[in-house]
Every structure is written in C-alpha cells, then in structure tokens.
Amino acid sequence: MVSSPASVIHSKIDAKHGQVDAHSPSVLKEAGNDAARCGDWTRATHMYTLALDMIVKGKASDDAADWYALDCESKGLAHVLCSNRSLSHLNSNDFASAAEDAEHACLARPDFVKAHLRLLAALKAGDAPLEERRAACARGLRACPRAQELIDVKMQLDAEAGDEPCEVAEDAK
C-alpha cells in the first residue's frame, strides 16, 4: 500500500506538535512554521517537503523558468517554502541541502532578498570557496540591486578577499 501525504503527516515525528490536516500546501507551511518556532527542524523540514511535493507534483527541475512558473502557479508559495526549508536544513547542519533549496527559492522569485541571504548563509556555513560566495552575492545584487543586506555582504566578501571596497552606485542605494 502506497502511503498518502496525509498518512505520512500522521506518522510519529514529535508528538508535542500534534497532527496536521494536509489538505493544502498553506496548511503544511504553517505547520512547518510552528515546528520551526519550537526548534523542531526535522518536523519543519518534513512539513515544508510535503507542501513542496504538493506544488511540484514530480516536476523537479533546476530550470529557472520552471521554478518561476511553479511559484506563479502556487501564488508565491513555492519560493517561501524553499526558503523556509533552506533555513530548516541550515539549522540541521545540512548545508548542501540548505544551499540547494535557497537556490531554488532564488530561481522561483529572483527579487526575494531573503532567498539570496539564505543561499549566502548556507554557502558560508558549508565552507564554500570565497569565489563561489562572491558569485552568489553578485547574482543576488543583479536581482536586488537596492538590497542593503546584500550590499553589506558584498563589502564583507570584498574585505575577506582583500579587495578595496568599491562604492556602490548611488542609484543602486
């Protein structure tokens, strides 16, 4: 017998969070958020995964257009779920998965600053090479040129590389 998403949800993860009625990705996202607030990163990851599975429906891809379309179809839920699951992975010390989910969130919604910051945090935590982190930051700044948080990270990365900080164009502020 193949288990349905609802039967998986009722599987025992952590009884203190109770059970979830899995009728929509939004409900699962909220269940994941509740678990995250309690620090139960395993359950949070599980809830976000179930929600994403309902949205993706087996159409896994690394193509930007596919992720963007999924985000539009889900009314903006796909990028939030990827970003939230990235945070869950990061807090579970699964840095490769955190980076992958953050990258998918960036593809789904390129102007979502938080996704770029999550990607940079995952790359740093996973000891990614400086040039990889700088390239990710540059992509984020192309998508979000006025994001002060990304500008600050760029300055930190430049300092780490020993580069002289360059002035950010006034129109990008």
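With a relative accessible area of 45%, Lys-59 is partly exposed; here buried means under 20%, exposed means over 50%, and partly exposed is whatever falls in between, using a 1.4 Å probe and protein chains only. The model is a predicted one, where local features need pLDDT of at least 70 and side-chain atom pairs count only at pLDDT 80 or more, while totals for chains, interfaces and linings use all residues. Residues are numbered from 1 along each chain as its sequence is written, and side-chain values use heavy atoms, with hydrogens and water left out.

Lys-59 sits in the loop between H3 and helix H4 (64-73). Helices here are DSSP runs of H or I with at least four residues, numbered from the N terminus. Leu-70 comes eleven residues away from Lys-59 along the chain, and the C-alpha atoms of the two are separated by 9.2 Å.

Now for the charges. Lys and Arg count as positive and Asp and Glu as negative, with His and the chain ends not counted. A salt bridge is a side-chain nitrogen of Lys or Arg within 4 Å of a carboxyl oxygen of Asp or Glu, and searching the whole structure turns up nine of them. One joins Glu-30 to Lys-29, with the closest N and O atoms 2.9 Å apart. Glu-30 is partly exposed at 37% relative accessible area, whereas Lys-29 counts as buried because its relative accessibility is 16%.

Another salt bridge brings together the side chains of Asp-34 and Arg-37, at 2.4 Å from N to O. Being three residues apart in helix H2, these two are separated by about one helical turn. Asp-34 is partly exposed (39%), and Arg-37, at 60%, counts as exposed.

Asp-101 and Arg-85 also meet through their side chains in a salt bridge, 2.6 Å from N to O. This pair links distant parts of the chain, 16 residues apart: Asp-101 belongs to helix H6 and Arg-85 to helix H5 (residues 77-91). Asp-101 is buried, with just 3% relative accessible area, and Arg-85 is buried too, at 15%. Elsewhere, Glu-131, Arg-134, Lys-154 and Asp-158 are hooked up in a network of salt bridges.

Asp-40 is another story: this residue is buried yet has no salt bridge, and the nearest side chain of opposite charge, Arg-43, is 5.4 Å away. Asp-40 lies in the loop between helix H2 (25-37) and helix H3 (41-56). A polar atom of the Asp-40 side chain does lie 3.2 Å from the backbone nitrogen of Arg-43.

On the surface, Asp-62, Asp-63, Asp-66 and Glu-100 form a negative patch. Patches are built from residues with over 30% relative accessible area and no salt bridge, joining like charges within 9 Å and nonpolar side chains (Val, Leu, Ile, Met, Phe, Trp, Tyr) within 5 Å. Glu-100 lies in helix H6 (residues 95-108) and counts as partly exposed, at 44% relative accessibility.

Finally, the backbone angles. Most residues other than glycine have a negative phi. Asn-93, though, has a positive phi near 65 degrees; Asn-93 is in the loop between H5 and H6 and is exposed, with a relative accessible area of 57%. Asp-127 has a positive phi as well, near 55 degrees. Asp-127 is placed in the loop between helix H7 (113-125) and helix H8 (130-143), and counts as exposed at 68% relative accessibility.

Conventions:
Areas by Shrake-Rupley, 256 points an atom, 1.4 Å probe, with all protein chains shown as cover. Charge placed at Lys NZ, Arg CZ, Asp CG, Glu CD. Polar contact = N/O pair within 3.5 Å; in protein donor to acceptor, adjacent residues only side chain to side chain.
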